[in-house]
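I open these notes to record what I looked up in this structure. The entries concern helix contacts and a pocket.

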Amino acid sequence: MDLDAPLTTGNRSLKMYAKRLTKLDIYTFRDLLYHLPSRYEDYSLVSKIAQLQEGEKVTVRGEVLEAKTSYTRSRKSIQKVNIKDETGILTLHWFNQPYIVQNLNRGDILSVSGRVDLFSRKISMIAPDFEIVRDGQLIHTGRIVPVYPETAGVSSKWLRRQIILLLTDALPHLTDYLPNTIQKDYQLLPLRDALQTIHFPPSIESTIKARHRLAFDEVFLIQIMTLVRKQQWRSLKKGHSMTISEKSKKEFLTSLPFMLTPSQLRVCQELQHDMSLTRPMNRLLQGDVGSGKTVIAALGSFIAYKNGFQSAIMAPTEILAQQHYNTLTSLLSPFGIKVGLVTSSSKYDASGSKGKNQKEKKILNTKYKTHDTDVIVGTHALVAAALDFQRLGFIAIDEQQRFGVAQRGILREKGLNPHLLTMTATPIPRTMALTLYGELDASYLTDMPTGRKSVKTWLVPAVKRDGAYDWIHKQINQTHSQVFIICPFIENSENMQTVKAASSEFERLKREVFPDVRLGLLHGKLKSKEKDTILSAFRSNDYDILVATPVVEVGIDIPNATIILIEGSERFGLSQLHQLRGRVGRGDQQSYCLLFTTAESPTSLKRLAAMETMSQGAALAEFDLNLRGPGELYGQKQSGARMLKIASFSDIELLSEAKQAAATIFPMLNSYHELKEIILKIGSDTVVPD
Ligand code: ADP
Ligand code: MG
């Protein structure tokens with residue numbers, strides 16, 4: 001049988017259920033076979049009726065004496081079924097399920113599993129699982145019974161019946177694609193055993209080995225596919241070797257307003273090495289908020305420029321693009337490098353040396369050529385069709401997780417097999433990076449510029465709100481601190497009652513809390529000019545407090561700000577909170593982060609409390625990953641995060657074993673036909689394609 005055929009080619013029941021099953025991401029027979037139980041019900045204890053004890057979970061087998069429906073005074077129906085074995089008679093009860101008695105006949109042998117209960121002070125079972133015993137094996141009772149993730153109209157009972165049929169039909173034809181040596185070396189169950197056991201285990205313990213085998217496969221296959229891609233990437237794409245003399249590099253480094261940290265120096269070395277090769281660089285730079293990633297992108301642009309190539313720097317927001325434009329202009333223009341800015345709302349602006357030679361042109365209507373600009377900074381507008389590059393050789397993408405794979409691809413297509421540097425502060429936990437992004441080379445900024453103090457973080461429950469405001473007041477008056485106040489949404493919306501909208505919060509703060517203080521308001525709906533004006537005003541200390549939506553979340557660099565207050569903090573992921581917190585603590589003063597929350601659930605509070613004690617983004621991400629799962633961490637876009645269905649990113653041993661196994665097998669992949677076939681089948685679209 002073809003496991004990859006759609007379920008609509010199956011039996012009548014499958015045809016009927018096919019649509020509902022899509023809600024569980026089940027489309028093909030293979031999907032159904034790999035729909036694994038979320039837990040098990042242990043019904044393996046079998047008892048005689050006379051021995052039943054209240055409270056125990058058991059299976060009883062008996063012959064149906066009588067099955068009838070009666071009605072209560074409130075017109076509800078009760079189903080009573082009497083069964084007997086050689087030791088006694090047991091009455092089973094159901095409520096409002098008349099079809100149950102309709103389908104039972106005197107003399108049927110029933111197997112019944114569930115908890116023993118009292119009904120009208122007599123031993124009974126209420127709404128137990130049951131099945132009529134026929135020739136075949138028991139499915140729903142009398143054994144360890146799988147309980148599956150369900151959806152409307154698809155019960156575990158239905159799934160069990162279909163999966164057991166499928167196991168009978170499919171397993172004999174299933175080839176085990178995992179090479180024997182790997183199975184032996186890593187002590188893995190054969191695939192058939194694993195699938196049989198995970199669905200219908202002889203014991204709970206046996207499911208552990210079964211799950212391990214399937215989890216291993218999952219990571220192993222991703223790794224093999226990753227290696228295939230890496231090889232293709234290396235053999236197909238010819239890049240440009242870009243080198244730089246020690247003298248030029250020194251010039252660049254000494255022109256910086258600071259000394260690079262040891263890890264910045266190391267990453268510069270890695271970058272320089274990659275760019276000197278004739279295959280395009282594909283490097284992911286991870287560094288915590290404030291660790292100084294921008295200067296690395298600047299060096300990349302500098303090297304490209306020295307070799308006669310253009311660079312593109314893409315940032316997720318206009319505010320950030322503007323800031324990068326400013327930074328890169330000040331770092332690069334002393335070398336005569338021309339930096340330009342492109343955002344969707346703005347004009348094209350290229351200025352060689354600061355402020356001078358301002359050119360303004362619309363890029364939206366006309367096809368704009370960038371030949372007089374060396375470094376083009378921008379938002380996703382860089383991807384726009386109207387924008388052409390003549391000799392794009394280096395691309396840096398900041399906060400890469402904000403961009404879809406397609407956008408990155410388009411930008412790369414505009415270049416001449418350009419070297420690519422992606423940067424992120426939302427730390428992809430190392431284990432996850434190695435598993436999913438195995439084809440990238442990764443660099444880490446592991447230290448912070450000297451003099452940084454970690455940001456003191458406090459959880460502020462509703463009762464301490466006023467006290468916190470008083471304290472902020474004092475800080476503003478005594479030490480001229482500048483403050484961010486972050487509110488999650490722009491407009492009040494009814495289903496978000498607990499969240500203060502930025503605009504109304506701004507008014508309220510101005511009126512009631514800080515009437516004597518200078519407040520600014522920044523949110524995503526402002527025109528980019530306005531955003532700019534407000535941020536520059538804040539930067540030059542014309543405001544004490546900036547009330548903002550999370551638009552300030554990524555990248556904004558205002559060293560003077562030392563306090564950040566976050567409303568409704570329970571609504572953010574820890575990585576987001578850490579990003580926000582990174583807006584302060586950028587200078588050498590002690591900085592503070594106040595997390596306002598109305599959350600009361602212990603889990604929410606425990607999660608937020610981690611912010612008080614953990615100061616490193618990677619650790620926080622790992623913590624949140626374990627608490628809430630990868631979907632929450634990266635949102636929908638990062639589909640790769642949801643790729644592991646069976647294996648867990650926290651199972652480091654499994655991840656490294658599977659990775660090692662894949663590396664062993666990969667050079668001989670051509671001699672493993674079944675494995676090769678399955679890889680082609682699963683297809684490369686399941687791999688994060690960058
Ligand atoms: P991020 O990694 O969050 O993008 P940035 O590149 O914005 O960090 O750098 C944060 C701040 O630290 C900037 O003001 C930058 O000028 C400064 N900075 C970067 N590297 C160093 C360094 N080695 N020493 C001192 N300050 C640095
Ligand atoms: Mg940054």
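Entry on α10 and α11. I looked up which residues join these two helices in this predicted model. On the α10 side I find T294, V295, A298, S301 and F302, and they meet H324, T327, L328, L331 and L332 of α11. Sorted by class, this contact has 6 nonpolar and 4 polar residues, and no charged residues. I then turned to the geometry of the pair. The axes of α10 and α11 come within 10 Å, and they cross at roughly 55 degrees. Angles from 65 to 115 degrees would count as roughly perpendicular and those under 35 as roughly parallel; α10 and α11 are therefore oblique to each other. I note the crossing of α10 and α11 as right-handed.

Entry on α11 and α16. Next I asked what else is recorded for α11. Helix α16 covers residues 528-539, and its axis comes within 10 Å of that of α11, with a crossing at roughly 60 degrees. That angle makes α11 oblique to α16. The crossing of α11 and α16 is right-handed. I list E318, I319, Q322 and Q323 as the contact residues of α11, and S528, K531, D532, L535 and R539 as those of α16. By class, I enter 2 nonpolar, 3 polar and 4 charged residues for the contact of α11 with α16.

Entry on the second largest pocket. How much space lies in the second largest pocket? I enter about 920 Å³ for it. Its lining is made up of 35 residues, and F258, G292, T294, D557 and R586 lie nearest the centre of the pocket. The elements that give two or more residues to this lining are α10, residues 294-306, and α11, residues 318-332. Which element gives the most to the lining? I find that α11 does, with 7 residues. By class, the lining divides into 12 nonpolar, 14 polar and 9 charged residues.

Closing entry. I mark T294 for a second look: this residue of α10 belongs to the contact with α11, and T294 is also among the lining residues nearest the centre of the second largest pocket.

Conventions
Residues are numbered from 1 along each chain as its sequence is written. Chains are lettered from A and ligands numbered from 1 in the order in which they are written. This is a predicted model: local features need pLDDT of at least 70, side-chain atom pairs count only at pLDDT 80 or more; totals for chains, interfaces and linings use all residues. Side-chain values use heavy atoms; hydrogens and water are left out. On a 1 Å grid over the protein atoms alone, a cavity is a set of points where a 1.4 Å probe fits but cannot get out, and a pocket is an open set with protein on both sides within 12 Å along at least five of seven lines; lining residues have an atom within 4 Å of a point. Grid points are joined across faces, edges and corners, and a volume is the space filled by probe spheres set on the points. Helices (H or I, at least four residues) and strands (E, at least two) are DSSP runs, numbered from the N terminus. Ala, Val, Leu, Ile, Met, Phe, Trp, Tyr, Cys and Pro count as nonpolar, Asp, Glu, Lys and Arg as charged, and the others, Gly among them, as polar. Axes are lines fitted to C-alpha atoms, for helices over the stretch in contact, and angles run from 0 to 180 degrees between N-to-C directions. Angles under 35 degrees count as roughly parallel, over 145 as roughly antiparallel, 65 to 115 as roughly perpendicular and the rest as oblique. A crossing is left-handed if the near helix is turned anticlockwise from the far one by less than a right angle, and right-handed if clockwise. Contact means heavy atoms within 4.5 Å.
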